Amino acid sequence: MSLERAYLLQGISKITLERIAEIATEESHPAGAFLFHAGDPADHLYILGAGRIRLCVEERGTVAYVVSELGEVIGWSSMAEQEQYTSSAECILPVTVTKIAKNALLQLLEKDPASGLIFFRHLSRIIGQRLVNCYKATLSVHGKPNSRSYG
């Protein structure tokens, strides 16, 4: 997958993007495989190249989010000061991902603060959008707050 197609990496310097490509690895996983489980050490960031991944709060439990768009990020806990992944990532179709080690990525971003700022702004937008999606999902299940029932 071309890293510059990932929203998270758009706008960072060409040299930093090239260095990220050098530390990244491509992986393929069959349907039913897990990239990680909730509670595993959050050591890697993943970018979806192909396929579909279900993020579950518990293994094969409640679906929190489905990752299906080329360039979407999986495992952002690793970059958000979390020691462990907060969900499990199960491949529901055969998947190709780009895997990037957290510590190596942080070192590269520290060497290029302007790119680091762009990266973390994009990451905060991704996290914020998923939070909004969770709010909407909660409202769709529980109804709008303060809704009255007369029946």
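1. A good place to begin is Y85, which has a relative accessibility of 5% and therefore counts as buried, since buried means under 20% relative accessible area. Please keep in mind throughout that this is a predicted model.

2. The partner of Y85 deserves the same check. F36 comes out at 3% relative accessibility, so F36 counts as buried as well, and Y46 is likewise buried, as is F36.

3. On the aromatic rings, a word of background may help: a pair of rings is described by the distance of the centres and the angle of the planes. Searching the whole structure gives 3 aromatic pairs. In one of them, F36 and Y46, the ring centres are 5.8 Å apart and the planes stand at 35°, so this pair is tilted. Because F36 belongs to strand β2 (residues 34–36) and Y46 to strand β3 (residues 44–50), the pair ties together parts that are 10 residues apart in sequence.

4. F36 also pairs with Y85, and here the arrangement is stacked, with 3.7 Å from centre to centre and 15° between the planes. Since F36 sits in strand β2 while Y85 sits in the loop between β6 (73–74) and β7 (88–91), this contact ties together parts that are 49 residues apart in sequence. Taking these residues together, F36, Y46 and Y85 make up one aromatic cluster.

5. Turning to the surface, where is a nonpolar patch found, and which residues form it? The patch on the surface consists of L131, V132 and Y135, which together have about 280 Å² of accessible area. Of these residues, V132 can be placed in helix α3, which covers residues 113–142. With a relative accessibility of 34%, V132 counts as partly exposed, because that class lies between the buried limit of 20% and the exposed limit of 50%.

6. The last point concerns empty space, which can be found by rolling a probe the size of a water molecule over the atoms. The largest pocket holds about 330 Å³ of space. Its lining is made of 16 residues, and those nearest the centre of the pocket are L55, W76, T86, S87 and R130. Two elements, β5 (63–67) and α3, give two or more residues to this lining.

7. Which element gives the largest share of the lining of the largest pocket? That element is α3, with 4 residues. Helix α3 is thus worth following by eye in the model, as V132 of the surface patch is found in this helix too.

How values were computed. Residues numbered from 1 in each chain as written. Predicted model: local features only at pLDDT ≥ 70, side-chain atom pairs only at ≥ 80, totals over all residues. Heavy atoms only, no water. Phe/Tyr/Trp six-rings, centres within 6.5 Å; stacked < 30°, edge-to-face > 60°. Buried < 20%, exposed > 50% of the residue type's maximum accessible area, 1.4 Å probe, protein only. Patch = residues over 30% accessible without salt bridge, like charges linked within 9 Å, V, L, I, M, F, W, Y side chains within 5 Å. Areas by Shrake-Rupley, 256 points an atom, 1.4 Å probe, with all protein chains shown as cover. Salt bridge = Lys/Arg side-chain N within 4 Å of Asp/Glu carboxyl O. 1 Å grid on protein atoms, 1.4 Å probe; cavity = no way out; pocket = protein on both sides within 12 Å on 5 of 7 lines; lining within 4 Å. Points joined across faces, edges and corners; volume = space filled by probe spheres on them.
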